[in-house]
Amino acid sequence: MRTLAEVRDPTQIPDRLPLPDVNPDSSGLIHDTPMAGVTAVVVQTGPGVHYDNLIQSTGLVSFPIPYNASTAGLDSSQQFTVRLSYVAAQATMTRFFADGFAGMVPNVTGFQPPVRDFDDDGYPDATDADPSNPKVH
Ligand SMILES: [Ca+2]
């Protein structure tokens with residue numbers, strides 16, 4: 001996302017990579033996609049912070065959106081933390097690999113769909129007056 005307009009409406013991204021949404025089966029499991037016997041998925045977390053989302057319950061955000069060549073880091077007084085579901089992320093990965101090592105088609109489950117609320121203030125980016133400031137809605 002290079003502009004605030006793209007943050008507010010991602011369908012405006014001209015070179016957006018089309019990835020299909022895959023719904024879980026009746027057991028809540030995602031597997032056999034894109035073909036039977038294989039599970040290859042992209043799991044996105046949001047709000048989130050790279051790396052910390054795998055090991056911590058909160059993460060420090062130091063860059064605002066949108067990301068582009070002129071994006072500067074936030075002043076330390078403007079940085080903020082977001083909640084991270086690292087336990088769910090670890091459980092999802094552990095299950096995926098355990099299924100594979102057990103000779104099964106790996107299953108993906110237990111992960112909450114991402115929410116477009118970059119600053120985790122409860123106001124969606126589409127309508128948030130400042131999606132990179134949890135004090136402004
Ligand atoms: Ca905000």
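Okay, let's start with D32, which sits in the loop between helix 1 and strand 1. Keep in mind that this is a predicted model. D32 isn't a glycine, yet its phi is positive, about 50°. As for its surroundings, D32 has 15 other C-beta atoms within 10 Å, so we call it partly exposed.

Right after that comes another oddity: the peptide bond from T33 to P34 is cis, with omega near 15°. P34 is also in the loop between helix 1 and strand 1. For context, most residues other than glycine have a negative phi, and most peptide bonds are trans.

Staying in that loop, have a look at Y51. Here phi is near 70°, again a positive value in a residue that isn't glycine. Is Y51 buried or exposed? Exposed, because just 9 other C-beta atoms lie within 10 Å of Y51, and the cut-off for exposed is 12 or fewer.

One more from this loop, which runs between helix 1 (4–8) and strand 1 (58–61): L19. L19 has 9 C-beta neighbours inside 10 Å, so L19 goes down as exposed too. If you want a long-range distance, the C-alpha atoms of L19 and Q112 are 18 Å apart, with those positions 93 residues apart along the chain.

Okay, zooming out. The chain has two helices and two strands, and along the sequence they come as α-β-β-α. Its C-alpha atoms fill a box of roughly 50 × 35 × 25 Å along the principal axes. Of the 137 residues, 18% are buried. And of the contacts with a separation of 6 or more, 50% are between residues 24 or more positions apart.

Now the strands. Strand 1 and strand 2 (residues 80–83) run antiparallel, joined by four bridges. Which residue of strand 2 is the bridge partner of G59? That's V82. The side chains of strand 1 alternate: G59 and V61 face one way and are buried, whereas T58 and L60 face the other way and are not.

Between strand 1 and strand 2 there's a loop holding P66, and the peptide bond from I65 to P66 is cis as well, with omega near 0°.

Last stop, helix 2, residues 86–101. Does the length come out as expected, or not? With 16 residues at 1.5 Å a residue, helix 2 should span 22 Å, and its end C-alpha atoms are 22 Å apart, so the two agree. Just past helix 2 we get G103, with a positive phi of about 85°.

Definitions and conventions. Residues numbered from 1 in each chain as written. Predicted model: local features only at pLDDT ≥ 70, side-chain atom pairs only at ≥ 80, totals over all residues. Buried ≥ 20, exposed ≤ 12 C-beta atoms within 10 Å, placed from the backbone. Contact = placed C-beta atoms within 7 Å. Pairing = 2+ DSSP bridges. Expected span 1.5 Å × (residues − 1).
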